[in-house]
Amino acid sequence: MGKRICTPYTAPSKNFTPLEVIVKSGRLPNFGYQLQLVNDQLENAIQSKEQIRQLLNGLYGGRTATGEPGWDVEHGIYLDRLHQLKDTVLVSKEMLDYYADQYAINGIHGTLNWYRNREQNYEDELV
């Protein structure tokens, strides 16, 4: 069975812990993919509608001809594999195309900002 994204409930903490500390401590290595989402590497690499489609295909389980995944929870997106992925069986071609069309309007910047705002969200929860 493949890996899944999980977001467990965590009550607001009295102290902020940076994501890098949480992942590298071994407490939540399955959040390693988020380290990639907070920096500019992914956003800079994924600009065109076709690149967005490849990204979504990988996130929805697309694999290379040899069975390599497009992403995993500890590493993140394998940018060098995206163009090699076969279509996912989890989402129809039409649905994948629709989402790629929608994301192409404004890019993935807004989606990635959720991951970039951990500290601000922490401060907001304290209020």
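This is a tour of one predicted protein chain, stop by stop, with what to select at each.

**Before starting**

The model is predicted, and local features need pLDDT of at least 70, side-chain atom pairs count only at pLDDT 80 or more, and totals for chains, interfaces and linings use all residues. Residues are numbered from 1 along each chain as its sequence is written, and side-chain values use heavy atoms, with hydrogens and water left out.

**Whole chain**

Show the chain as a cartoon. It has seven helices and two strands, in the order α-α-α-α-β-β-α-α-α along the sequence. Helices here are DSSP runs of H or I with at least four residues, strands are runs of E with at least two, and both are numbered from the N terminus. The C-alpha trace spans about 45 × 30 × 25 Å along its principal axes.

Switch to a surface. The accessible area is about 8,400 Å², and 52% of it belongs to carbon and sulfur atoms; areas come from the Shrake-Rupley method with a 1.4 Å probe, and for residues only the protein chains shown count as cover. Of the 127 residues, 31% are buried (buried means under 20% relative accessible area, exposed over 50%, partly exposed in between). Among contacts between residues at least 6 apart in sequence, 64% join residues at least 24 apart, a contact being heavy atoms within 4.5 Å.

**The largest nonpolar core**

Select Leu 42, Ile 46 and Ile 108. Within the 18 residues of the largest nonpolar core, these three touch the most other members. Such a core is a set of buried Ala, Val, Leu, Ile, Met, Phe, Trp, Tyr and Cys residues joined through side-chain atoms within 4.5 Å. Helices H2 (32-38), H4 (49-59), H5 and H6 (109-116) each give two or more residues to this core, and H4 gives the most, with three.

Now centre on Ile 46. Not counting residues up to four places away in sequence, Ile 46 touches Gln 51, Ile 52, Leu 55, Leu 79, Leu 82 and Ile 108.

Move to helix H4, where Ile 52, Arg 53, Gln 54, Leu 55, Leu 56, Asn 57 and Gly 58 are buried. Their cover includes helix H3 (41-45), strand E1 (71-72), strand E2 (76-77) and H5. Just after H4, Gly 61 takes a positive phi of about 100 degrees.

**Glu 43 and other salt bridges**

Select Glu 43 in helix H3. This residue is buried, at 16% relative accessible area. Beyond its neighbours within four places in sequence, Glu 43 is in contact with Ile 108, His 109, Leu 112 and Arg 116. With Arg 116, Glu 43 forms a salt bridge, the closest N and O atoms being 2.8 Å apart (a side-chain nitrogen of Lys or Arg within 4 Å of a carboxyl oxygen of Asp or Glu). The two residues sit in H3 and H6, 73 residues apart. Arg 116 is partly exposed, at 24%.

By this rule there are seven salt bridges. Another joins Arg 81 and Glu 68, at 3.5 Å from N to O. Arg 81 lies in the loop between E2 and H5, and Glu 68 in the loop between H4 and E1. Arg 81 is buried at 15%, whereas Glu 68 is partly exposed at 33%.

Next, show Lys 93 and Asp 97, whose side chains meet at 2.7 Å from N to O. Both lie in H5, four residues apart, about one turn of the helix. Add Arg 53 and Asp 87 to see the network of salt bridges that links these four residues.

**Aromatic pairs**

Show the rings of Phe, Tyr and Trp (for Trp the six-membered ring); they pair if their centres lie within 6.5 Å, and planes under 30 degrees apart count as stacked, over 60 as edge-to-face and the rest as tilted. The count is five pairs. Phe 16 and Tyr 122 have centres 5.4 Å apart and planes at 50 degrees, so this pair is tilted. Phe 16 is in the segment before helix H1 (19-24) and Tyr 122 in helix H7 (residues 118-126), 106 residues apart. Phe 16 is partly exposed at 26%, while Tyr 122 is buried at 15%.

Then select Tyr 33 and Tyr 115: their centres are 6.5 Å apart and their planes at 75 degrees, so the pair is edge-to-face. Tyr 33 lies in H2 and Tyr 115 in H6, 82 residues apart in sequence. Both are buried, and with Trp 71 and Trp 114 they form one aromatic cluster.

**Last stop: a nonpolar patch**

Return to the surface and select Leu 59, Tyr 60, Val 89, Leu 90, Met 95, Tyr 98 and Tyr 99. Together they form a nonpolar patch with about 730 Å² of accessible area. Patches take residues with over 30% relative accessible area and no salt bridge; nonpolar side chains (Val, Leu, Ile, Met, Phe, Trp, Tyr) are joined within 5 Å, like charges within 9 Å. Helix H5 (residues 93-106) gives the most to the patch, with three residues. Met 95 is in H5 and is partly exposed, at 39%.

Methods
Buried means under 20% relative accessible area, exposed over 50%, partly exposed in between (1.4 Å probe, protein chains only).
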